[in-house]
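Here are my notes on the model you sent over, point by point. Have the structure open while you read.

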Amino acid sequence: MELREILQGSGFSFKKKYGQNFLSDGNLLAAIAEDAGVTSDTTVLEIGAGAGALTRALAERARRVVSYEIDESLRPILAVTLAGLKNAEVRFSDFEKCDFAALEEELGEYLVVANLPYYITTPVIMRFVEEGKRCRGITVMVQEEVAERLTAREGTPAYGAVTAALARRGRAQLVRRVPRTLFTPRPNVDSAVVRADFTAGGFSVADERVYRAVVRAAFSSRRKTLENNLMAAFSMTREEAKALLAEAQVSAGVRGEALSPEALGHLADLIASKKSAAK
Ligand code: SAM
């Protein structure tokens, strides 16, 4: 039976507040699972099972799929669409309220694959970036504008704190653009699939918290120079900020957005080493 018929037959009504825009195109769903690099060894964590179309495509390839879904009224629909799949489990609860450390402990190494509800895209991604110790990577469908932001290069208007935060774990790539016509109901914007591999392409920093503080500072006031933003964020004198930037081989007068994530990481390491020397 077509997804549309199952949904209509069940009397289900879409809830905009939960970002419910479902996919049903079999080729696209298979392509997303391929994009993510899901194999028979993979444990997948999905946020937002919806009517289960992506969950099924993932479960057909993965060892195990655990999917969160906030909307209980999808239970009878998922019972039909995921029938016969022994390796897919849907948890009807709010992903944002889950005990994240316990979930990671339970899953072991995992990949995140999801068509994310648009209203929590950034906090969900940031959770994996900052707390996802066992997360090997994320492949997420997001609004096109967000995809541009996540994959932006330094010095471009779309480059921001989220880009730099994600890049530390693994540079994001835009792997596929998806027109709005492929969603039910049809949203007002197009979407894109972004992938970031956390096992390659990221970089390490001496102190995670200092890196976060540098990223925050670099983008806190985009019209101010990095020197001014660092002075405010780290209570430095102008001389100290100047000396730090010179040591990092960053030219005077630049704005934070001109620095690559790696350069911000280098700056954070210099600050961290001065902090520990001062202790
Ligand atoms: N994966 C399905 C697909 O691709 O067709 C549905 C994707 S839809 C964009 C997002 C889904 O996330 C919706 O089913 C929505 O109810 C669910 N959702 C929204 N907020 C959630 C939350 N906090 N925790 C778990 N699921 C959530």
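1. One term before the numbers: buried area here is the accessible area, taken with a 1.4 Å probe, that two parts lose on being put together, summed over both. Keep in mind too that this is a predicted model.

2. Start with the overall layout. The domain assignment splits the chain into domain 1, residues 3-197, and domain 2, residues 208-278. Their C-alpha centres sit 34 Å apart, and the contact draws on 13 residues from domain 1 and 13 residues from domain 2.

3. How much area is buried between domain 1 and domain 2? The figure comes to about 1,000 Å², with carbon and sulfur atoms giving 55% of it. On the domain 1 side, the residues that lose the most area to domain 2 are Glu130, Tyr159 and Arg168, and together they make up 45% of what that side buries.

4. Now for a helix pair that links the two domains: H8 (residues 161-169) falls within the range of domain 1, 3-197, and H9 (residues 208-218) within that of domain 2, 208-278. The two axes come within 10 Å and cross at roughly 155°. Angles over 145 degrees count as roughly antiparallel, so that is the label for H8 and H9. The crossing of H8 past H9 is right-handed.

5. Which residues of H8 and H9 meet? From H8 there are Ala161, Ala164, Ala165 and Arg168, and from H9 there are Glu208, Tyr211 and Val215. By class, this H8 to H9 contact has five nonpolar residues, no polar ones and two charged ones. Arg168 turns up here as well as among the residues of domain 1 that lose the most area to domain 2.

6. H9 also packs with H12 (residues 261-278), at an angle of about 120° and with the axes 8 Å apart. This pair is therefore oblique, and H9 passes H12 in a right-handed crossing. H9 brings Val210, Tyr211, Val214, Val215 and Ala218 to the contact, while H12 brings Pro261, Leu264, Gly265, Leu267, Ala268, Ile271, Ala272 and Lys275. The split is 11 nonpolar, one polar and one charged. Tyr211 and Val215 of H9 are in this list and also meet H8.

7. The next partner of H9 is H10 (226-234). Here the axes come within 8 Å and cross at roughly 130°, so H9 and H10 are oblique too. H9 passes H10 in a right-handed crossing. Val210, Ala213, Val214, Ala217 and Ala218 of H9 meet Leu226, Asn229, Leu230, Ala233 and Phe234 of H10. In class terms, the contact holds nine nonpolar residues, one polar residue and no charged ones.

8. Two backbone spots deserve a look. Most residues other than glycine have a negative phi, and most peptide bonds are trans. The bond from Thr184 to Pro185 is cis, with omega near -15°, and Pro185 lies in the loop between strand E8 (183-184) and strand E9 (191-197). Ser235 has a positive phi, near 50°, and is found in the loop between helix H10 (226-234) and helix H11 (238-247).

Methods: Residues numbered from 1 in each chain as written. Predicted model: local features only at pLDDT ≥ 70, side-chain atom pairs only at ≥ 80, totals over all residues. Heavy atoms only, no water. Axes fitted to C-alpha atoms, helices over the stretch in contact; angles between N-to-C directions. Helix = DSSP H or I, 4+ residues; strand = E, 2+ residues; numbered from the N terminus. Parallel < 35°, antiparallel > 145°, perpendicular 65-115°, else oblique. Left-handed = near helix turned anticlockwise from the far one by under 90°. Contact = heavy atoms within 4.5 Å. Nonpolar A, V, L, I, M, F, W, Y, C, P; charged D, E, K, R; others polar. Domains from an automatic or database assignment.
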